[in-house]
Number of protein chains: 4
Amino acid sequence: MTLKAGFLGYGLMGKAHANALARLPMFFPDAPEVERSVLIGRTVEALEEAADTLGFNRIESDWEAALDDIDILYNLGPTRIHVDPTVAALNRDIHVLCEKPLAPQTAGAEKMAEAARKSDAIAGVGYNYRYVPALQLAKRMLDAGEFGDVRRIRGQYLQGWQADPDDEWVWRNDVERSGSGALGDVGAHTIDLARWLIGGIDRVCGRLDTFVTERPVAGGDETRPVTTDDEYSAIATFENGATGVFEGSRVATTREGGNELELYGSRGGFRFDMERLNELEVYTRDDDGFERVLVTADDHPYMDAWWPTGHIIGWEHTFVHEHYEFLSAIEEGRSYSPDFETGVAVHRVVNAIQQSNEDGSWILV
Amino acid sequence: MTLKAGFLGYGLMGKAHANALARLPMFFPDAPEVERSVLIGRTVEALEEAADTLGFNRIESDWEAALDDIDILYNLGPTRIHVDPTVAALNRDIHVLCEKPLAPQTAGAEKMAEAARKSDAIAGVGYNYRYVPALQLAKRMLDAGEFGDVRRIRGQYLQGWQADPDDEWVWRNDVERSGSGALGDVGAHTIDLARWLIGGIDRVCGRLDTFVTERPVAGGDETRPVTTDDEYSAIATFENGATGVFEGSRVATTREGGNELELYGSRGGFRFDMERLNELEVYTRDDDGFERVLVTADDHPYMDAWWPTGHIIGWEHTFVHEHYEFLSAIEEGRSYSPDFETGVAVHRVVNAIQQSNEDGSWILV
Amino acid sequence: MTLKAGFLGYGLMGKAHANALARLPMFFPDAPEVERSVLIGRTVEALEEAADTLGFNRIESDWEAALDDIDILYNLGPTRIHVDPTVAALNRDIHVLCEKPLAPQTAGAEKMAEAARKSDAIAGVGYNYRYVPALQLAKRMLDAGEFGDVRRIRGQYLQGWQADPDDEWVWRNDVERSGSGALGDVGAHTIDLARWLIGGIDRVCGRLDTFVTERPVAGGDETRPVTTDDEYSAIATFENGATGVFEGSRVATTREGGNELELYGSRGGFRFDMERLNELEVYTRDDDGFERVLVTADDHPYMDAWWPTGHIIGWEHTFVHEHYEFLSAIEEGRSYSPDFETGVAVHRVVNAIQQSNEDGSWILV
Amino acid sequence: MTLKAGFLGYGLMGKAHANALARLPMFFPDAPEVERSVLIGRTVEALEEAADTLGFNRIESDWEAALDDIDILYNLGPTRIHVDPTVAALNRDIHVLCEKPLAPQTAGAEKMAEAARKSDAIAGVGYNYRYVPALQLAKRMLDAGEFGDVRRIRGQYLQGWQADPDDEWVWRNDVERSGSGALGDVGAHTIDLARWLIGGIDRVCGRLDTFVTERPVAGGDETRPVTTDDEYSAIATFENGATGVFEGSRVATTREGGNELELYGSRGGFRFDMERLNELEVYTRDDDGFERVLVTADDHPYMDAWWPTGHIIGWEHTFVHEHYEFLSAIEEGRSYSPDFETGVAVHRVVNAIQQSNEDGSWILV
């Protein structure tokens with residue numbers, strides 16, 4: 001049986017996911033077959049071009065109509081159009097993989113989670129960094145006790161694409177459309193990874209900064225106000241007794257895509273940097289220093305599907321692994337994680353950090 | 001017009017090239033269209049499975065018959081089957097992209113180059129590392145004079161897949177089938193990159209080592225002799241006055257895929273390591289130290305085709321770029337480089353190093 | 001005129017400072033001459049041995065008597081014996097260089113600062129990391145505007161010497177004697193560096209952790225409770241609008257002496273790690289990535305006094321620079337920074353973090 | 001008994017050794033006592049100033065007269081004044097520590113070795129890099145078999161202090177005075193380290209380059225010819241079957257003091273860079289990648305004499321360790337290594353590389 005996929009959105013995420021589907025058969029031949037069936041959007045001309053490039057059979061400008069004919073909805077559009085199509089799909093038992101964050105506001109995310117609970121379909125949220133082989137290896141070692149009891153996790157996702165005050169205004173600078181700035185965008189990844197690795201967050205203290213308060217609109221003399229944070233900082237305590245420190249930015253002058261994660265426990269720890277995503281630095285009791293593991297060997301997570309050891313993969317491969325797991329869960333009728341409950345949980349942490357920023361106090365999640 | 005491609009070989013290189021063809025339309029939409037037409041090999045069952053995985057329309061066990069129906073031959077099999085099919089294809093004006101090294105012996109490579117000169121078709125040799133964006137950037141900077149007059153180049157391609165004496169015997173350990181060991185295999189890449197960057201080599205002094213002289217055959221108690229080098233060292237002088245030092249190994253215990261290159265001239269230089277192929281360390285007169293450039297920005301070579309800055313690509317992407325250039329040359333009737341003359345030139349350097357090892361003296365190339 | 005120095009304390013800090021004095025004449029010949037006059041302590045036998053090793057003329061077990069005969073008091077003992085001898089010395093216009101933190105409690109530090117204000121002598125506090133040439137270079141670049149308006153500073157001083165629960169109890173684990181744990185010990189360095197670089201801190205939110213609540217006493221079966229933090233985390237806002245994130249630990253399993261500092265502003269930034277204290281990674285508008293500067297050139301701060309470029313110095317050299325500046329200030333009758341006001345200011349930040357941990361809210365400094 | 005030391009030379013090496021002697025008592029209290037007795041040189045005024053700075057009791061412009069009154073001669077002057085004073089001292093059973101290379105020509109070095117054999121005094125040659133704790137650790141691991149049978153060593157000592165054609169002419173550019181250029185200067189260190197680690201070299205092939213053939217004389221319009229190599233490359237085979245690749249330069253545009261060493265054998269290996277001399281990257285069978293060891297722990301070679309773990313030392317400390325070993329050998333009547341036989345052996349390798357460059361063939365050492 002071939003599963004029919006509909007994509008809502010054809011920007012960066014549309015391309016990342018279409019590419020992932022296109023690559024599955026050659027590298028994960030046991031994955032379910034998926035047909036790139038319909039590409040959903042509003043502007044017919046742009047849709048047609050994207051459908052051609054991304055390999056879709058047809059286009060559709062009415063998302064409700066598109067649901068008639070698909071088994072899976074990939075909701076990859078801007079955050080504000082996540083809720084309704086996702087809920088509608090789940091109500092019809094159509095599987096959904098929705099990009100993060102689930103919704104501009106937690107209420108929307110909760111509505112989605114409610115729909116997911118009632119549905120017979122599978123709902124997943126697009127936290128693709130879980131599928132970096134190096135982080136899978138870290139998780140495997142952590143779960144095996146090689147790092148002992150976790151004491152501290154540090155996550156910083158520092159981007160610099162708006163470092164210059166002259167960098168253009170985008171929808172992500174508008175709190176109405178995006179719900180949050182760096183916090184909800186890159187911070188959500190950090191929070192998800194931290195929760196995945198070491199469990200629930202119970203309390204946070206946070207700070208939001210907006211260093212550039214208005215930005216020029218593309219192709220004009222106009223500027224628009226930035227109503228989101230462009231940088232956040234947070235301290236979090238975890239249910240298991242660990243403490244976390246998180247930072248995220250889109251105005252980090254010195255960085256491109258520095259999604260870094262570091263953890264240590266009573267027996268060891270690891271360090272990771274997305275700019276070198278094939279590497280994991282690990283430290284265990286037998287070590288006298290960090291050991292740089294090139295995570296490309298056959299026995300590393302997902303790597304037997306790719307190239308001989310020493311030949312690195314890229315960012316896009318995380319989406320292939322994500323699809324492999326999501327589609328396998330569908331085929332085998334298994335549950336899938338990260339699911340919408342996860343998505344809501346991340347939302348609550350994001351909210352708590354926002355509230356802490358306003359109240360000037362620690363907030364229970 | 002869609003070009004019909006025939007692949008001879010379906011191992012690692014078959015997969016790398018099939019993947020590259022599959023990915024072109026989504027990322028390089030202006031590339032010529034190519035149909036994965038026929039997969040050529042000897043064992044029907046394995047062929048059928050590979051054709052299915054790699055996306056070929058049909059299989060063919062007679063390579064001569066396959067030539068009737070293709071526009072391009074990708075010769076990706078073991079070195080010893082490079083010569084005849086390639087020559088036959090070129091004689092019929094079928095374009096050929098042949099993996100390196102061209103042939104076990106220089107004579108075969110020269111025969112191939114002779115056929116290429118006489119043919120109206122385009123012949124390319126698979127030196128894919130030229131298409132690493134970071135190395136394209138290095139080349140661009142070098143050609144712009146940013147490093148001044150080149151003084152020294154160092155190339156070391158250190159693999160460890162046969163570091164252990166118990167690692168199994170493979171055809172690459174047999175001089176009859178492969179022509180050379182680490183020198184012809186990984187060393188050829190280094191030599192090609194050095195020639196591409198700074199020009200012709202005129203003299204070499206070299207040394208070959210075989211540290212493990214016999215290896216176990218898979219699935220048995222037997223061992224077979226290793227008749228190739230498993231490590232080489234060479235000093236080379238270039239026509240432009242620079243000196244090069246090259247090393248290559250497949251028994252480098254401490255390494256996976258360490259294809260490193262370093263160059264400096266009178267004004268600056270660069271360093272590169274394939275395990276971090278998205279990075280180039282550059283040093284120019286204005287610098288006080290190496291600057292680590294993450295080669296993922298839109299204005300970096302080929303990178304506008306991929307992801308936003310900060311999101312890295314992998315080893316396989318070099319093949320996509322290679323195909324893009326090769327196919328564009330076909331479509332536009334341009335010449336293509338690296339061509340078979342390049343392939344022969346690399347052979348001559350390899351031969352000179354081998355002869356130097358035997359004679360104990362410097363050898364003119 | 002030769003200045004007579006008295007040292008109170010002969011542990012690690014005693015050695016670091018005695019070594020610094022011993023090395024001044026050869027490398028900073030224009031520094032005032034100092035005689036290692038008297039070593040002050042309580043245990044005569046240990047004192048005698050230390051005086052011999054560290055090159056002191058005589059020993060003295062009564063610190064008040066020792067003051068009769070010295071020009072400078074180096075107060076290098078445990079924190080709890082900082083206040084009285086320092087105040088007494090300043091009251092007699094004897095110069096004082098006191099190790100950090102000034103006192104177990106802020107009240108003591110304020111008393112010391114009060115004495116310093118009234119004294120004609122110079123009072124300095126031992127924040128030696130200011131004298132790392134790489135950080136001096138960073139400060140110089142920052143002050144020259146090369147990094148623009150500061151947005152963020154991150155400081156983490158992660159030590160692992162008590163990572164193992166079996167590591168022995170020391171006085172630093174006792175809140176009565178030390179006033180604070182990792183926060184007051186390593187955190188104070190981070191806070192001082194941050195204030196020195198970018199100015200006053202106005203508000204903090206913090207968290208303290210004690211992961212190992214009791215530790216074995218050396219040479220026995222007994223354990224004692226740990227009443228200090230062994231790890232702290234804090235977010236700080238600065239008067240100039242920047243945000244800081246600070247962390248410190250003595251139970252960081254994966255680290256030795258990782259005193260790291262990172263800063264970025266609207267135009268660039270830097271990164272520093274004490275384990276590689278001769279290096280500064282800088283990023284300015286003209287760069288495409290961090291540039292690794294080996295801070296050993298003649299025109300780098302203090303480096304013309306040492307070795308030719310490329311020959312690195314160590315941690316101990318920071319004390320030589322510190323003495324050079326402190327003694328030159330004495331000789332020239334200049335003011336010296338970091339002074340006791342600085343010491344008190346750091347105390348207030350430390351206190352605010354402690355209070356924030358108790359109250360669960362942001363605290364004004 | 002206090003040993004009386006005479007220093008011939010008061011430039012960089014004079015300072016490095018005087019500093020080492022000055023620091024011994026505080027950090028290696030069991031080392032023999034040494035008095036900086038007499039500083040020998042030709043220019044009285046400069047001598048007087050140097051004696052004052054370096055802590056010598058008196059000066060002497062007649063080296064023969066100086067020998068009357070010393071127990072140890074430190075021969076630290078330019079290479080051309082190494083032979084006669086050293087031989088004279090040894091003939092009088094005065095211990096000698098002579099900087100490397102022993103002499104401009106091998107004949108002189110052999111004469112020195114002859115004198116050492118006949119003398120009752122101890123003769124040492126100044127290969128200080130053996131005393132880097134990280135390299136001592138590497139040697140210890142190698143000797144314990146942790147790296148297995150050595151396959152390859154790579155040594156590159158790349159300096160850039162004459163990278164610019166406008167950098168001034170110095171005596172080291174004159175073959176009469178120095179005997180050799182980069183080869184004899186920095187290359188000698190690499191050759192010594194390689195021989196120390198893995199044993200004798202039996203055959204070499206080499207290449208010398210002089211990229212800048214004349215240089216300006218300081219303070220004038222004149223230029224002088226460069227008659228030494230400013231860069232060398234060599235391949236060497238070792239008696240134990242390993243192969244070495246060596247490079248050295250003083251015109252390496254991109255480098256300051258890059259003294260790098262890498263070795264691997266059948267079971268593991270290490271990497272080292274003098275710019276990070278407190279670190280050793282090791283790889284053993286149990287590792288999946290290089291482990292970065294910060295060589296500052298108490299159980300690391302010499303490090304219990306210095307600071308707590310995590311606090312790095314510098315280049316100058318190697319001289320302290322060298323003196324400690326040399327003086328201890330004198331006190332205990334032990335033999336000392338590296339001795340003059342070592343110095344001659346390095347000379348022979350240097351000569352063989354020079355001859356290989358002339359003859360264009362491999363040369364037996």
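Author: In this predicted model, two residues count as being in contact if their C-beta atoms, placed from the backbone, lie within 7 Å.

Reader: How many residues does the contact take from chain A and from chain B?

Author: By that cut-off of 7 Å, the contact takes 28 residues from chain A and 28 residues from chain B. On the side of chain A that touches chain B, helix 1 (12–27) and helix 2 (44–54) of chain A each supply at least two residues, and helix 1 of chain A gives the most, with five residues.

Reader: What kinds of residues make up the side of chain A that touches chain B?

Author: The residues of that side of chain A divide into 13 nonpolar, eleven polar and four charged.

Reader: What makes strand 1 and strand 2 of chain B a pair?

Author: Two strands pair if DSSP finds at least two bridges between them; strand 1 (residues 3–8) and strand 2 (residues 34–40) of chain B are joined over six bridges, in the parallel sense, and therefore they satisfy the requirement of at least two. One of the residues concerned is Phe7(B), whose bridge partner in strand 2 of chain B is Leu39(B). Strand 1 of chain B also pairs in the parallel sense with strand 4 (residues 72–75) of chain B, over four bridges, and here Leu8(B) stands opposite Asn75(B).

Reader: Why is the unit made by strand 1, helix 1 and strand 2 of chain B called right-handed?

Author: A crossover earns that name if, with the strands pointing away from the viewer, the path from the first strand over the helix to the second runs clockwise; strand 1, helix 1 (residues 12–27) and strand 2 of chain B make a right-handed β-α-β unit.

Reader: Why is one side of strand 3 and of strand 6 of chain C left without a neighbour in the sheet?

Author: In chain C, six strands form an open sheet in the order 3-2-1-4-5-6, with parallel pairing. Strand 3 (58–60) and strand 6 (123–125) of chain C stand at the edges with a single partner strand each, so one side of each has no neighbour in the sheet. From one strand to the next, the twist averages 25°.

Reader: What makes Val83(D) and Leu90(D) buried residues of helix 4 of chain D?

Author: A residue is buried if 20 or more other C-beta atoms lie within 10 Å of its own, and the residues of helix 4 (residues 83–91) of chain D that are buried are Val83(D), Pro85(D), Thr86(D), Ala89(D) and Leu90(D). What covers them includes helix 3 (63–67) and helix 5 (106–118) of chain D.

Technical notes: Residues are numbered from 1 along each chain as its sequence is written. Chains are lettered from A and ligands numbered from 1 in the order in which they are written. This is a predicted model: local features need pLDDT of at least 70, side-chain atom pairs count only at pLDDT 80 or more; totals for chains, interfaces and linings use all residues. Ala, Val, Leu, Ile, Met, Phe, Trp, Tyr, Cys and Pro count as nonpolar, Asp, Glu, Lys and Arg as charged, and the others, Gly among them, as polar. A residue is buried if 20 or more other C-beta atoms lie within 10 Å of its own, exposed if 12 or fewer, and partly exposed in between; C-beta atoms are placed from the backbone. Axes are lines fitted to C-alpha atoms, for helices over the stretch in contact, and angles run from 0 to 180 degrees between N-to-C directions.
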